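I opened my notebook for a look at the pockets of this model, with one side chain to check at the end. Here is what I looked up, in the order I went.

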Amino acid sequence: MDGTVHVSSDKGLNSELAQTLLQRAQDLQPVLRERSAKAAEIRRIPDETIADFQAAGFFKMLQPEQWGGYALDPQVFYAVQMKIAEACMSSAWVLGVVAVHNWQLALFDDQAAQDVWKDDPTTLISSSYAPVGKVEKVDGGYKLSGQWGFSSGSEHCDWVFLGAVVPEEGAPFDMRNYRTFLLPKADYEIIDTWHVVGLKATGSQDVRVEGAFVPEHRTHKLIDGHNCDNPGNKVNDAPVFRLPFGQVFVRAVCTASLGALEGALAAYVETAKTRMVGPAKMADDPFARRLAADVKTAIVEMKRTMFSNFDAMMECARAGQPIAIDDRVQYRFDSAVVADRCAELSARMLKAVGSKGIFLGNGVLERHLDIMASQAHVANNVNMYANNFGGVQFGNDNTDLNL
């Protein structure tokens with residue numbers, strides 16, 4: 001695979017390009033399964049896997065065409081991520097949260113993209129968006145300090161996005177002043193903290209910064225992402241770059257769970273074919289069959305919801321029309337609920353496989369632990385988004401800028 005694909009005007013799931021990328025993801029599944037144990041042991045994605053993703057063109061999916069990217073519809077990106085997650089959720093998680101940064105960089109002032117990609121358009125960016133940084137305004141930009149956690153795939157990246165609130169007089173912490181800061185590797189240190197029970201191979205290490213200067217053009221305002229009117233839109237005018245930041249990024253941390261659930265279902269079915277429950281095969285048990293039906297139906301339903309949400313958003317973006325806030329609130333809830341639903345269903349399958357499920361290496365157990373870990377991400381905390389969604393239905397104003 002050399003990653004070379006003809007980029008047509010059709011950017012959707014039915015395009016030749018999309019089908020090529022999905023087939024490449026399918027073809028990588030066996031080797032990703034083979035590498036999964038090593039990846040968990042070294043607590044990061046192997047270099048070979050990142051190289052395979054680069055060769056397959058996966059990091060180009062949401063990258064602007066001016067940098068050799070494909071600027072595809074998000075549905076293609078997330079369909080590929082789900083296919084990877086069937087085999088290895090950690091690999092899919094890193095692919096999702098790193099490759100989506102190529103989309104966000106397109107929202108920054110174009111000089112930021114020049115800084116990152118001028119010499120090498122395959123350069124990767126990790127992130128940690130928690131607003132924990134300390135910001136000081138200085139001439140030409142900002143001085144940034146702090147320590148951020150959960151920077152997935154950071155050891156494979158040469159730049160990082162970090163979150164912080166720019167203090168204003170009378171409003172030292174106002175999320176309306178939140179920004180993403182872009183820093184090169186020379187300005188931060190990776191701290192080895194990633195010792196966890198799920199998503200072990202994501203290498204989601206801490207990042208420490210001590211008084212680094214960040215020029216104005218290497219910052220991106222949350223409010224610009226919310227309004228779908230970003231500095232980068234002057235040069236990146238494809239419809240995909242007119243989507244809300246909060247709708248695009250969060251799918252990277254729930255879609256992997258959905259793909260992993262499909263992988264868990266496949267492992268459950270394989271176990272049921274040989275496991276004996278008393279004198280009969282588990283596969284002949286009506287309760288085991290009902291569970292398989294429930295899980296498959298839920299997967300289809302969640303996929304349909306997420307893809308149709310993006311269909312609606314892309315239709316608005318192509319027409320140059322705003323996406324209604326009420327719709328965005330619901331779409332955000334639809335995304336947040338996925339990890340919880342996947343964890344509940346994988347737990348039911350784990351219980352159903354009985355004693356087989358407690359052994360290390362069991363496919364249902366491994367995926368359940370990964371899905372469970374994904375629930376810890378703030379974007380998958382369904383309660384806050386349910387509260388906002390419910391409140392809007394009762395006539396209250398939206399309270400979330402990150403949607």
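**Pockets and a histidine**

I began with the lining of the second largest pocket, whose residues divide into 14 nonpolar, six polar and seven charged. I kept in mind that this is a predicted model.

Next I asked for the volume of the second largest pocket and got about 560 Å³. Of its 27 lining residues, I noted Ser36, Ala40, Glu366, Arg367 and Asp370 as the closest to the centre. Then I wondered which element gives the largest share of this lining. It is α11, with six residues. I also listed the helices that supply at least two residues each: α1 (16-42), α3 (74-87), α4, α8 (255-274) and α11 (363-374).

On to the largest pocket, where I found about 1,100 Å³ of space. Its lining counts 39 residues, and Tyr129, Ala130, His377, Val378 and Ala379 lie nearest the centre. Here β1 provides the largest share, five residues. Among the elements that supply at least two residues each are β1 (125-138), β2 (141-151) and α12 (382-393). By type, I wrote down 24 nonpolar, 13 polar and two charged residues for this lining.

Last, I turned to Histidine 226, which I located in helix α6 (residues 222-227). Is Histidine 226 buried or exposed? Its relative accessible area is 11%, so I entered Histidine 226 as buried, the cut-off being under 20%. Leaving out residues up to four places away in sequence, I saw that Histidine 226 touches Ile325, Arg328, Asn398, Asp400, Leu401 and Leu403.

Technical notes
Residues numbered from 1 in each chain as written. Predicted model: local features only at pLDDT ≥ 70, side-chain atom pairs only at ≥ 80, totals over all residues. Heavy atoms only, no water. Helix = DSSP H or I, 4+ residues; strand = E, 2+ residues; numbered from the N terminus. Buried < 20%, exposed > 50% of the residue type's maximum accessible area, 1.4 Å probe, protein only. Contact = heavy atoms within 4.5 Å. 1 Å grid on protein atoms, 1.4 Å probe; cavity = no way out; pocket = protein on both sides within 12 Å on 5 of 7 lines; lining within 4 Å. Points joined across faces, edges and corners; volume = space filled by probe spheres on them. Nonpolar A, V, L, I, M, F, W, Y, C, P; charged D, E, K, R; others polar.
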